[in-house]
Structures are given as C-alpha cells and as structure tokens.
Amino acid sequence: MLHDLFHWMQNEWGVEHTVYGRSFSQALLESLNAWGLLEGTHLLMLMLFFGTILMVDLRLLGVAFKEQPVSVISNKILKLTVFSMVVVMVTGVVLFFSKPEEYWHNIWFRTKLVLLAVAIINVAVFHKLVQKNQAEWDSAPKPPSKARISAIISIASWVAVIGCGRLIAYNWFECGKPQPAWVNSAQGCAISSKGAMDMDAVTGTAAGVDLPPETPAETPPAEAPAAEAPATQPEAK
Ligand code: HEM
C-alpha cells in the first residue's frame with residue numbers, strides 16, 4: 001500500500017509537468033543545488049538541535065552547569081531546540097520525497113524512524129511524568145534518577161537517530177542483493193521494485209556461513225576438434 005504510493009511518487013507523479021518527463025521526485029534529486037542545500041540544512045540544523053538537547057541532558061545528569069537550575073538552562077534554549085527540530089523535520093520529509101520508494105525499503109531509514117519515535121516518546125514521558133515535581137529538584141546539582149534515566153535515553157536515542165541518518169546513504173543492504181532473509185523482510189524487499197534475493201537460496205548454505213568454493217570450470221565439449229593428426233607413414237603395399 002505505502003510501497004505503491006511511494007513507487008508512484010518516485011516514478012510517475014509530475015512527469016507531464018517537468019522538463020525531460022521526470023517525476024517531481026526525480027527532478028528534485030537531479031536538481032543542481034536544491035538537494036544539496038536541503039541536505040546541508042538538515043545536517044546543520046540537526047547539529048543545533050542535538051547541541052541544545054545535549055546541554056539540557058548534561059544538566060539533568062548533573063554533569064554540567066550544576067550551579068544553574070534546570071529550568072534556567074532549558075528555558076533559555078528551548079526556542080532554539082524547537083526551531084531547529086521543525087527545520088530538521090521539514091527538510092527530512094522533503095529529502096525523503098526525492099527518493100521515497102528507495103528510502104522506504106532502506107533498513108537504516110526504517111530503523112531511524114523507529115528510533116525517532118522512541119526519542120519523541122521519551123520527550124513526552126519527560127514532560128508528562130518526570131517534570132511533574134520539577135520544582136522540588138530544579139536546583140539540585142544532581143537531579144533524581146528518573147530525570148537522569150530520561151537524559152540517558154535521550155542522548156542514546158538521538159545519537160542512534162543521527163547514526164542511522166548517516167548510514168542511509170550506503171547501499172550495503174540494498175534490495176536485490178543476496179542477503180539474509182531477515183534483512184529482506186525488515187526492509188520489505190519482496191514488494192520493492194528491486195525484489196528480494198535470499199542469501200541461502202544463492203549459496204545453498206545458512207546465512208553467514210562462508211561461500212562455497214568456486215564452481216569448477218566447465219568441462220570441454222565432448223566433440224572437441226581433434227588435435228592435429230600425427231603424421232603417419234603410408235602403408236606399404
Ligand atoms: C531530529 C530528527 C532527525 C535527525 C537527528 C536526522 C539525522 C540525519 C542525518 C545525520 C543524516 C545524514 C546527513 C548527511 O550525512 O549528510 C540524515 C539524512 C537524511 N534524513 Fe534525517 N534526521 C532527522 C529527521 C528526519 C526525518 C523526520 C526524515 C524524513 C521522514 C529524515 C529523512 C532523511 C533523509 C531522506 C536523509 C538523506 C539520506 C541520504 O540519502 O543521504 N530525517 N538525517
């Protein structure tokens with residue numbers, strides 16, 4: 001269902017409106033500057049985003065800015081966090097639009113979305129539950145364990161999102177390559193345009209086991225041209 005939508009977006013949407021009959025997605029991907037500017041903006045803004053998040057998390061862990069109440073640190077930088085998050089999300093969605101079908105079947109992209117959900121849920125839990133009695137520990141050099149756990153989950157999940165974002169660009173696990181069945185299934189290769197190729201089917205062995213030695217060279221055809229006949233003496237009559 002989503003595959004069909006993304007396939008249509010990537011290959012068909014807009015072909016009649018663009019030069020050279022490309023889809024809107026292909027036109028964006030092949031544009032001279034737009035894609036690069038988008039990716040650059042995505043990257044720069046996520047640095048600002050993660051930088052501000054890290055400042056608050058380090059304060060929650062009781063590692064940095066201990067002499068300042070948590071609320072002072074977070075109130076000062078919250079606007080920057082929200083602004084950079086909005087820009088990262090918007091540029092991310094537009095980047096996705098440039099190759100929706102490929103990204104949709106990319107294991108790093110899928111993992112990134114799952115981790116993004118984990119990170120966002122952690123923010124929600126922090127605001128709803130952890131911050132409920134913030135007044136009691138706001139000025140404590142070392143906030144309570146629930147605040148510190150939340151900070152650790154936050155740092156770990158955002159670092160993992162950034163790592164997966166970086167890895168999207170590599171085609172190590174591209175659909176259509178021989179690879180373990182769980183990789184094919186995790187990224188939905190069977191319904192992608194490139195198809196799924198199971199490593200077991202290719203090698204005849206369990207995934208992860210060394211490839212068998214090369215198949216022996218083909219045996220020469222049975223009716224190979226005879227080697228030069230040896231010179232024979234004419235029979236004496
Ligand atoms: C705070 C949230 C996000 C973070 C931390 C993040 C992180 C990253 C990173 C580190 C890169 C690699 C940049 C580079 O190497 O130049 C990247 C690229 C990308 N991101 Fe995000 N991203 C976020 C949100 C999103 C969202 C919401 C989407 C789309 C739904 C998205 C889609 C993409 C795409 C399509 C690429 C380009 C991959 C490529 O072909 O190189 N990102 N992201």
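Start by selecting helix H8, residues 145-167, in this predicted model. Why does its length make sense? With 23 residues at 1.5 Å a residue, H8 should span 33 Å, and its end C-alpha atoms are indeed 33 Å apart, so the two agree.

Stay on H8 and colour its buried residues: Ala147, Ser150, Ala151, Ser154, Ser157, Trp158, Val161, Cys164 and Gly165. Look at the spacing along that list, and keep this in mind: an α-helix has 3.6 residues a turn, so residues three or four places apart point the same way. What covers the buried residues of H8? Show H3, H6 and helix H7 (134-137), which are among the elements that do.

Next, select helix H3, residues 34-60. Try the ruler check again: its 27 residues at 1.5 Å each should span 39 Å, and the end C-alpha atoms are 39 Å apart, which agrees. The buried residues in H3 include Met45, Leu46, Phe49, Phe50, Thr52 and Ile53. Further along come Val56, Asp57, Arg59 and Leu60, also buried. Among the elements covering the buried part of H3 are H4 and H8. Just after H3, click on glycine 62, which has a positive phi, near 75°.

Now zoom in on phenylalanine 50. Which residues does it touch, once you ignore neighbours within four places in sequence? Phenylalanine 50 is in contact with Trp158 and Ile162.

That brings you to the largest nonpolar core, a set of 17 residues. Highlight Leu46, Phe49, Phe50, Ile53 and Leu60, the ones with the most contacts inside this core. Two or more residues each come from H3, H4, helix H6 (107-128) and H8, and H3 provides the largest share, 7 residues.

Time for the ligand. Select what surrounds it and you get 19 residues, the closest being Gly92, Leu95, Gly165, Ile168 and Ala169. Helices H3, H4 (70-98) and H8 each give two or more residues to this shell. Which helix gives the most? That would be H4, with 6 residues. Colour the shell by class and you'll find 14 nonpolar, 3 polar and 2 charged residues.

Finally, zoom out to the whole protein. There are 10 helices and 2 strands, and from the N terminus they run α-α-α-α-α-α-α-α-β-α-β-α. Of the 237 residues, 21% are buried. One last thing to picture: among contacts between residues at least 6 apart in sequence, 63% join residues at least 24 apart.

Definitions and conventions. Residues are numbered from 1 along each chain as its sequence is written. This is a predicted model: local features need pLDDT of at least 70, side-chain atom pairs count only at pLDDT 80 or more; totals for chains, interfaces and linings use all residues. A residue is near a molecule or strand if its C-beta atom, placed from the backbone, lies within 6 Å of it. Helices (H or I, at least four residues) and strands (E, at least two) are DSSP runs, numbered from the N terminus. Ala, Val, Leu, Ile, Met, Phe, Trp, Tyr, Cys and Pro count as nonpolar, Asp, Glu, Lys and Arg as charged, and the others, Gly among them, as polar. A nonpolar core is a set of buried Ala, Val, Leu, Ile, Met, Phe, Trp, Tyr and Cys residues joined through C-beta atoms within 7 Å. A residue is buried if 20 or more other C-beta atoms lie within 10 Å of its own, exposed if 12 or fewer, and partly exposed in between; C-beta atoms are placed from the backbone. Two residues are in contact if their C-beta atoms, placed from the backbone, lie within 7 Å. The expected span of a helix is 1.5 Å times one less than its number of residues.
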